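Biologist: Could you take a close look at one part of this model for me, the surface where protein meets DNA, and describe it in a connected way?

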Number of protein chains: 2
Amino acid sequence: MVAQAQRHSGHEHPRPRSAAVVDDIVGQLSDRGYRDTEPRRLVISAVAAQGRPFTAEELCASLPCVGRATVYRGLRLLVETDQVCRVLLEDRELRYQLSHQGHHHHLLCAVCGASADLEGCDVEDMLREAATAAGFRMSGHWLEVYGRCGECAEG
Amino acid sequence: MVAQAQRHSGHEHPRPRSAAVVDDIVGQLSDRGYRDTEPRRLVISAVAAQGRPFTAEELCASLPCVGRATVYRGLRLLVETDQVCRVLLEDRELRYQLSHQGHHHHLLCAVCGASADLEGCDVEDMLREAATAAGFRMSGHWLEVYGRCGECAEG
DNA sequence: ACAGAATTGATACCAAATATCATATGTACA
DNA sequence: TGTACATATGATATTTGGTATCAATTCTGT
Ligand SMILES: [Mn+2]
Ligand SMILES: [Mn+2]
Ligand SMILES: [Zn+2]
Ligand SMILES: [Zn+2]
């Protein structure tokens, strides 16, 4: 059974102790040898403040005091360390959001941009089997699911 | 059961009667009101000549006598009319290949770039169910499967 | 043929992202 | 507590992939 997990929508309440989230992520990075810098904290803080999937450019716009290159680098680092996951919209626009760890996929609302995680990827076995049947050895997959969230489906 | 379909690899023999493929596609386009033009035929012919997923830029390079805009427009038209399908690599590079009709997904070899179609998308029901459980109404999905083809898996 | 719509392609333009590289800053350690 | 030096930053230039313009050309139906 695929279970619904964290919802990311503009309607939810502000994340409790956003500073704690930042400290946690900075800590994880420190453990891996990455420095604790002011611009980095600003990027992480801005990421944590987003209510729904955001673009790199949106993040840049919300961080006028941080260089563009630094924002992009920070985002890449966060993705590489699994702190942030990438979300691909139907029009191929790339967005990001805080990761809730582990391999999972996204339900994306085409109307309001909200997303929900589909944790526990049950398609995995089916895909591996199909890949084997085709003579392939599967190493991974990418899946995004598009539709309308409950609110946007009404009307 | 997900079945293996057409293989697209550099190792296969040249497609028989490539001209027939072009005529067929031009015919389909004509039926929909699109004109039979020389540049269009050149684009279709080049598409049909590819042995594996190709980028728009690669196609442009192989068609120095056709304008870039025309190549892009031709490719877009072929995608819109389901003659060609889009393939997304792990690094987000967008490629194209002749479509074997209907909704399906791709098995992509990370080593040699070969692809195989997974026809009959059995994940559909599972995803719709999961989406419903999360309060979404699913309208579509995008799935790519990565790995190694039989040849590249050896060694 | 002809008219008129569709198509083309040179060019300009745009957005997203990366490469450069001189400067600034964090961290380990003497 | 200072210092050395690797790491990180950010202004800027560049690259990549793709779209908008628009005058000229080419199809297609009559
Ligand atoms: Mn996610
Ligand atoms: Mn395909
Ligand atoms: Zn919505
Ligand atoms: Zn291969």
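Modeller: A residue counts as near a strand if one of its heavy atoms lies within 4 Å of it. The model is a predicted one, and I begin with DNA strand C. Of the atoms of that strand within 4 Å of the protein, 62% belong to sugar or phosphate, while the rest belong to bases. There are 20 residues around DNA strand C, and those that come nearest are A:Arg68, B:Thr37, B:Arg40, B:Thr70 and B:Arg73. Two of these residues can be followed down to atom pairs: an N or O atom in the side chain of B:Arg40 is 2.5 Å from a phosphate oxygen of DNA strand C, and for the side chain of B:Thr37 the corresponding distance to a phosphate oxygen of this strand is 2.7 Å. Chain A takes part through its backbone, with a polar backbone atom of A:Asp36 lying 3.0 Å from a phosphate oxygen of DNA strand C. As for secondary structure, at least two residues of the surface near DNA strand C are supplied by each of helix 3 (56–61) and helix 4 of chain A, and helix 2 (38–49) and helix 4 of chain B. Sorted by class, that surface has nine charged, eight nonpolar and three polar residues.

Turning to DNA strand D, 21 residues surround it, of which A:Thr37, A:Arg40, A:Arg73, B:Asp36 and B:Arg68 come nearest. Sugar or phosphate accounts for 63% of the atoms of DNA strand D within 4 Å of the protein, and bases for the rest. On the chain A side, an N or O atom in the side chain of A:Thr37 is 2.6 Å from a phosphate oxygen of DNA strand D, and one in the side chain of A:Thr70 is 3.0 Å from a phosphate oxygen of that strand. From chain B, the side chain of B:Arg35 places an N or O atom 3.0 Å from a base oxygen of DNA strand D. The elements giving two or more residues to the surface near DNA strand D are helix 2 (38–49) and helix 4 (68–80) of chain A, along with helix 3 (56–61) and helix 4 (68–80) of chain B. By class, ten charged residues, eight nonpolar ones and three polar ones make up the surface near DNA strand D.

Note on methods: Residues numbered from 1 in each chain as written. Chains lettered and ligands numbered in written order. Predicted model: local features only at pLDDT ≥ 70, side-chain atom pairs only at ≥ 80, totals over all residues. Heavy atoms only, no water. Polar contact = N/O pair within 3.5 Å; in protein donor to acceptor, adjacent residues only side chain to side chain. Helix = DSSP H or I, 4+ residues; strand = E, 2+ residues; numbered from the N terminus. Nonpolar A, V, L, I, M, F, W, Y, C, P; charged D, E, K, R; others polar.
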